[in-house]
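Below are some points on the packing of this chain, for reading alongside the coordinates. They go from the core outwards to single residues and one helix.

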Amino acid sequence: MSTSHQSTSARRIPFAFTDEQEQFRSAVRRFLNDKSPTTEVRRLMATAEGYDPAVWRQLSEDLALPGIHVPEQYGGAGFGMVELCIVTEELGRALLCAPYFSSAVLAANAILSAGTEAQKSALLPEIAKGARLATLAVTEADGNWDPAGIKVLATPDSDGDRLDGVKSFVVDGHVANLLIVAARAPKTTGLKGLSLFTLDANAAGVERHLLESMDPTRKIARIDFRGAHANLLGNLDDGATPILRTLDRAAIALANEMVGGAQTLLDSAVNYAKLRVQFGRTIGSFQAIKHKLADMLLDLELAKSAAYYAAQAAAADDPEWPALASLAKAAASETYLHTAVECIQIHGGIGFTWDNDTHLWFKRAKSSEVFLGQPSYHRELLMQRWGV
């Protein structure tokens, strides 16, 4: 990794949360502590919908979270990437079951990145106030997050385009009202000929199927397109750029979500180590456990730094923010999963049981590792972007 990149960027972007941002975080955390106890997480993950519409309305109307980063002219709160990532970090900490990442992070950013002024004005207000659920469909049967591998075809016709193909692992694809689909023009390959398209989720030629997954707290779906009518989002000249920009922003938001989840696991491990007595002593008094917890804390603080810094760089539109997005995603993925494994081990025998809540975050950690691309994929992107 080039140190010159880091030092130059570090001078440009001094980072710390403001008092207002910390107050905002506290308000979001209070809401989630009340609305997303683990009993509620367990109840909702067992349902097909995967969320509580009443809580979603409160989250949208009282806190205005779905549009936190959407400009005011499009019905949002007018804040930016840092505030969005504060929300996702707190959602990850509480493991809230809701269509937030799909609608607010993926879909809203896709429209902001690709849409014309008219499209932004038409689509974003309903998403920003939580009245319309949307999602972004990128991956297909192979689970590849590299847009160059997209196979779904968009064939122009007299009044728009017709989509043919299959999207898989679409987050909240079974409950979304609006689908934003990455597809390619016929006879194109790689990053050439790619565009984003919008269509109603209940349109003719669209079939949706909820998939079984290891992580029931984040629902995913398969969507089949058979000549479904869709409208181009933005301009053909933009190509793959809006898709890549949207995925990079999502990677930063996910990195922050993951460090929130890892913090919950670390707190749980520390609390249990203070309570569990073995051989007449709390297990937290043993040096082996102390070292394990110290290593977990160090890893988490490093991952947090990467996630926070990437969010600030994206907010400032620093030229290196896409590379920092990949750095944050790779670091947070590995830290979250490692923290989950160590937390289970510190909990001993009960850590492996269904009744203990640790497995809820472990499953989210494992699904988040591959969501938006595995660490190896993002390290490769990082090296490409920094010219290593």
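1. The largest nonpolar core has 104 residues, and the members that touch the most others in it are Tyr100, Phe101, Leu196, Ile252 and Leu372. Helix 8, residues 241–275, gives the most to this core, with 15 residues. Apart from it lies another core, of 17 residues, including Leu163, Val181, Ala183 and Phe197. Please keep in mind that this is a predicted model.

2. Phe101 deserves a look of its own. Not counting residues up to four places away in sequence, Phe101 touches Leu106, Arg218, Ala250, Ala253, Leu254, Glu257, Phe371 and Leu372. Phe101 also forms one aromatic cluster with Trp145 and Phe371. In addition, the charged end of Arg218 sits over the ring of Phe101, 5.1 Å from the ring centre. A similar arrangement can be checked at Phe17: the charged end of Arg25 sits over that ring, 4.9 Å from its centre.

3. How many aromatic pairs does the structure hold? There are 4. One to inspect is Trp56 with Tyr100: the ring centres are 6.5 Å apart and the planes are at 65 degrees, so this pair is edge-to-face. The pair links distant parts of the chain, since Trp56 belongs to helix 4 (residues 53–61) and Tyr100 to helix 6, with their positions 44 residues apart in sequence. Both Trp56 and Tyr100 are buried.

4. Ser102 is placed in helix 6, residues 100–114. Is this serine buried or exposed? Its relative accessibility is 1%, under the 20% limit, so Ser102 counts as buried. Its side chain reaches the backbone oxygen of Pro99 at 3.1 Å. Leaving aside neighbours within four places in sequence, Ser102 is in contact with Ala107, Ala134, Thr135, Leu136, Val171 and Asp172.

5. Ala273 is found in helix 8. With a relative accessibility of 2%, Ala273 counts as buried. Which residues does Ala273 contact, leaving aside its neighbours within four places in sequence? They are Thr282, Ile283, Gly284, Ile289 and Leu293. For Ile289, the separation from Ala273 is 16 residues in sequence and 7.8 Å in space, C-alpha to C-alpha.

6. Helix 10 runs over residues 321–346, which makes 26 residues, and reaches 36 Å from its first C-alpha to its last. That is close to the 38 Å expected at 1.5 Å a residue. Why can helix 10 be called largely enclosed by the rest of the structure? Because 19 of its 26 residues are buried. Just after helix 10, Gly348 takes a positive phi of about 65 degrees.

7. Ser333 is a residue to examine within helix 10. Ser333 is buried, with a relative accessible area of 1%. Leaving aside neighbours within four places in sequence, Ser333 is in contact with Met258, Ser368, Glu369 and Pro375.

Methods: Residues are numbered from 1 along each chain as its sequence is written. This is a predicted model: local features need pLDDT of at least 70, side-chain atom pairs count only at pLDDT 80 or more; totals for chains, interfaces and linings use all residues. Side-chain values use heavy atoms; hydrogens and water are left out. A nonpolar core is a set of buried Ala, Val, Leu, Ile, Met, Phe, Trp, Tyr and Cys residues joined through side-chain atoms within 4.5 Å. Buried means under 20% relative accessible area, exposed over 50%, partly exposed in between (1.4 Å probe, protein chains only). Helices (H or I, at least four residues) and strands (E, at least two) are DSSP runs, numbered from the N terminus. Contact means heavy atoms within 4.5 Å. A polar contact is a pair of N or O atoms within 3.5 Å; within protein, one must be able to donate a hydrogen and the other to accept it, and residues adjacent in sequence count only if both atoms are side-chain atoms. Rings of Phe, Tyr and Trp (its six-membered ring) pair if their centres lie within 6.5 Å; planes under 30 degrees apart count as stacked, over 60 as edge-to-face and the rest as tilted. A charge sits over a ring if NZ of Lys or CZ of Arg is within 6 Å of the ring centre and within 35 degrees of the ring normal. The expected span of a helix is 1.5 Å times one less than its number of residues.
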